[in-house]
Amino acid sequence: MRFDKTVRVEASPAEIWGLLDDIEAVALCIPGISDYKETGPNEFTAMLSQRVGPVTARFRLRTTLKDLVRHESVTAVVEGADNALASSVSSEQVFTFSAADGGAATEILITADVGMVGRVATFAQRIIATKAEQVIIGALTNVSRLLEERRAGNS
């Protein structure tokens, strides 16, 4: 499943890029994430719990950030499994930043390829694609809120 979506964040590309220094805060912006643990440079594991149709999936995820181009783009490669549901998920999400409003805001183009196999995948593919997009958009909404809170705290 592939989707492309553009989201606007009311922060400069430099502010957004600065969050990579606090990757735990960014990871915890993802709806359903818990048990975050940094495992190496630009790499972490976490538990993702999401309701997919009539089932709650709990994926143990390993995420690696790669292809980091300062203030421009980053790629997140995610792999995980829910052993109880005999299901696995993989995704590659490319986030491309471009300044808007003279640099006061950022348009983020998200290009994501999400693959899933196992019992969870037997539920309608459309539900899974929609859920994956909702999680990514929800994460960016939470990142925007985090940046607002940090700016308010520095005022």
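Where does T111 sit in the chain? T111 is placed in strand β7, which covers residues 105-118. The model described here is predicted. The chain holds 4 helices and 7 strands. This briefing starts with the whole chain, then turns to the strands, to T111 and to the aromatic pairs.

**Overall build**

- Along the sequence, the elements run in the order β-α-α-β-β-β-β-β-β-α-α.
- The radius of gyration is 16 Å, and the globule rule gives 15 Å for 155 residues; the two values are close, so the chain is as compact as a globular protein of that length.
- Along the principal axes, the C-alpha atoms fill a box of roughly 45 × 30 × 25 Å.

**Burial, surface and contacts**

- Of the 155 residues in the chain, 43% are buried.
- The chain exposes about 8200 Å². Carbon and sulfur atoms supply 51% of that area.
- Consider the contacts in the chain with a separation of 6 or more: residues 24 or more positions apart account for 52% of them.

**Strands β5 and β6**

- Strand β5 spans residues 73-82. It pairs with β6 in the antiparallel sense, over 10 bridges.
- D82 stands opposite S87, a residue of β6.
- β5 and β6 form a hairpin, with 4 residues between the strands.
- A86 lies in the turn of this hairpin. Its phi is positive, at about 50 degrees.

**Strands β6 and β7**

- β6 also takes part in a pairing with β7, which is antiparallel and runs over 14 bridges.
- S90 has G115 in β7 as its bridge partner.
- β6 and β7 form a hairpin too, with 4 residues between the strands.
- In that hairpin, D101 takes a positive phi near 50 degrees.
- As a general point, side chains in a regular strand alternate between the two faces of the sheet.

**A closer look at T111**

- Is T111 buried or exposed? T111 has a relative accessible area of 16%, and under 20% counts as buried, so T111 is buried.
- The side chain of T111 makes a polar contact with the side chain of D4, at 3.0 Å.
- Which residues touch T111, leaving aside its neighbours within four places in sequence? They are R2, F3, D4, E92, Q93 and V94.
- D4 therefore appears both in the polar contact, at 3.0 Å, and in the list of residues in contact with T111, which is buried.

**Aromatic pairs**

- How many aromatic pairs does a search of the whole structure find? The search finds 2.
- One of them joins W17 and F97 in an edge-to-face arrangement. The ring centres are 6.2 Å apart, and there are 80 degrees between the planes.
- This pair links distant parts of the chain. W17 belongs to helix α1 (residues 13-18), F97 belongs to strand β6 (residues 87-100), and the two residues are 80 apart.
- W17 and F97 are both buried.
- Why does the pair of Y36 and F44 count as tilted? The planes of these rings lie at 40 degrees, and a pair is tilted when this angle is neither under 30 degrees nor over 60, so Y36 and F44 form a tilted pair. Their ring centres are 5.1 Å apart.
- Y36 has a relative accessible area of 15%, so it is buried.
- F44 is buried as well, with a relative accessible area of 6%.

Technical notes:
Residues are numbered from 1 along each chain as its sequence is written. This is a predicted model: local features need pLDDT of at least 70, side-chain atom pairs count only at pLDDT 80 or more; totals for chains, interfaces and linings use all residues. Side-chain values use heavy atoms; hydrogens and water are left out. Rings of Phe, Tyr and Trp (its six-membered ring) pair if their centres lie within 6.5 Å; planes under 30 degrees apart count as stacked, over 60 as edge-to-face and the rest as tilted. Buried means under 20% relative accessible area, exposed over 50%, partly exposed in between (1.4 Å probe, protein chains only). A polar contact is a pair of N or O atoms within 3.5 Å; within protein, one must be able to donate a hydrogen and the other to accept it, and residues adjacent in sequence count only if both atoms are side-chain atoms. Contact means heavy atoms within 4.5 Å. The radius of gyration is taken over C-alpha atoms; the globule rule is 2.2 Å times the number of residues to the power 0.38. Accessible areas come from the Shrake-Rupley method with a 1.4 Å probe; for residues, only the protein chains shown count as cover. Two strands pair if DSSP finds at least two bridges between them.
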